[in-house]
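Biologist: I have a model open and would love your help reading the ligand's surroundings. Could you take me through the reasoning?

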Amino acid sequence: MMRAVKCLGTGGVEVMKISQIPIPTPGPNEVLIKVHATALNRADLLQRRGLYPPPPGYTDILGLECSGEISGGHEKWPLGTRVMGFLRGGGYAEYVTVHKDQVLPIPSKLSYTQAAGLCEVFLTAYKCLFYLGKGKEQEKVLVHAGASGVGLALIQLAKWKNLQVFTTCGSSDKEKACKDLGADFVWNYKSGSFLPAIKNFGGADLIMDSVGASYVSDNISCLNKNSRWIIYGFLSGSKVKDIDFAKIFAKLSTLHFTSFRARSDEFRNDVISKFIADGVLEEFENGRMKSIIYKELGIEDVQSGHLIMEKNENIGKIVLRII
Ligand SMILES: NC(=O)c1ccc[n+]([C@@H]2O[C@H](COP(=O)([O-])OP(=O)(O)OC[C@H]3O[C@@H](n4cnc5c(N)ncnc54)[C@H](OP(=O)(O)O)[C@@H]3O)[C@@H](O)[C@H]2O)c1
């Protein structure tokens with residue numbers, strides 16, 4: 001048996017309780033990871049509320065990423081190897097199983113805490129910016145929610161490949177965090193629409209959008225010709241009245257909606273193998289990329305972690321130590 005955070009029902013943070021459940025058994029293409037740390041994601045808050053169920057056949061334990069050591073399973077990964085798991089669930093537990101190709105080695109300079117918060121945000125950012133968005137040097141990218149976990153990864157990846165980054169966020173501390181990572185221009189949306197400033201910046205060749213509804217009209221207005229608008233979240237909602245698709249059409253733009261969790265193994269494995277082949281992990285070795293950790297908590301503080309994220313306080317990842 002092992003300790004895990006179980007949701008006993010759906011609702012507020014009080015539904016999460018530490019419980020004893022059986023240790024999972026790895027399938028033929030899976031490994032078993034002894035989890036040292038996991039990290040929170042927005043999807044966990046939605047799942048806890050009953051709004052984002054796991055894909056069929058996967059565990060209902062929360063947790064989309066972890067760091068730890070190989071404890072059994074497929075021969076691809078020797079016992080004891082320090083790894084990061086890119087999960088469809090199950091990270092809030094002492095052990096988790098995961099497909100052998102959705103495991104990445106931990107860069108040697110990173111601690112288990114830093115590694116726990118790397119996979120979900122960096123793989124999502126890489127997928128949106130390069131795998132789907134085909135971002136190129138000198139293009140202008142608009143990164144919404146720049147100080148979110150994914151936003152901070154997007155800024156770093158974009159600057160690494162010499163794109164020009166315009167980002168939005170909602171406080172002076174968050175503005176500083178985005179600038180410190182190299183964002184060329186930061187707009188605090190609490191002072192009004194970002195539209196005049198992004199037009200002044202030269203418009204957007206790419207939009208990395210986790211905000212959705214409230215920015216749709218201004219996003220359409222700032223798209224450049226042949227631009228790519230990638231929507232990967234709906235922090236402000238998903239329902240919009242009066243969208244004029246002709247305006248997107250006229251700019252020869254591509255609008256792409258993307259999720260990760262419910263994707264096939266083939267898709268997830270392909271993004272991971274391109275991420276590794278492109279050399280992103282080496283950038284953690286040489287210190288150019290950083291896994292930004294806002295807070296490290298014990299697993300017993302899982303409820304406080306969720307409340308911090310719900311209040312939009314975190315700048316980067318909230319990590320839960322399992323051991
Ligand atoms: N599709 C995928 O594959 C995928 C994968 C991972 C994450 N996601 C999505 O990506 C988004 C970010 O996740 P994360 O874990 O990086 O989040 P996070 O670190 O918790 O940061 C989210 C930030 O977004 C901003 N925000 C929240 N509500 C907003 C609103 N209504 N309007 C504008 N900004 C708002 C807040 O910062 P401010 O104070 O600056 O407003 C908040 O701190 C979530 O929607 C998540 O579900 C999608």
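Modeller: Gladly, and keep in mind that this model is predicted. A backbone N or O atom of Gly-149 is 2.8 Å from a ligand oxygen atom.

Biologist: What makes that Gly-149 pair a polar contact?

Modeller: A polar contact needs two N or O atoms within 3.5 Å. The Gly-149 pair is at 2.8 Å, so it qualifies. Val-150 has a polar backbone atom 2.8 Å from a ligand oxygen atom, and a backbone N or O atom of Thr-258 lies 2.8 Å from a nitrogen atom of the ligand. Overall, the protein covers 89% of the 930 Å² of accessible area that the ligand has on its own.

Biologist: Which elements give two or more residues to the shell around the ligand?

Modeller: Those are helix 3 (119-132) and helix 4 (149-160). Helix 3 supplies the largest share, three residues.

Biologist: Why is the ligand said to lie between domain 1 and domain 2?

Modeller: Because domain 1 (2-118 + 262-321) and domain 2 (122-257) both give residues to its shell, the ligand lies between them.

Biologist: How many residues surround the ligand, and how do they divide by class?

Modeller: There are 25, with Gly-149, Gly-170, Lys-174, Tyr-189 and Thr-258 the closest. By class, the shell has 10 nonpolar, 11 polar and four charged residues.

Key. Residues are numbered from 1 along each chain as its sequence is written. This is a predicted model: local features need pLDDT of at least 70, side-chain atom pairs count only at pLDDT 80 or more; totals for chains, interfaces and linings use all residues. Side-chain values use heavy atoms; hydrogens and water are left out. A residue is near a molecule or strand if one of its heavy atoms lies within 4 Å of it. A polar contact is a pair of N or O atoms within 3.5 Å; within protein, one must be able to donate a hydrogen and the other to accept it, and residues adjacent in sequence count only if both atoms are side-chain atoms. Accessible areas come from the Shrake-Rupley method with a 1.4 Å probe; for residues, only the protein chains shown count as cover. Helices (H or I, at least four residues) and strands (E, at least two) are DSSP runs, numbered from the N terminus. Ala, Val, Leu, Ile, Met, Phe, Trp, Tyr, Cys and Pro count as nonpolar, Asp, Glu, Lys and Arg as charged, and the others, Gly among them, as polar. Domain bounds come from an automatic or database domain assignment.
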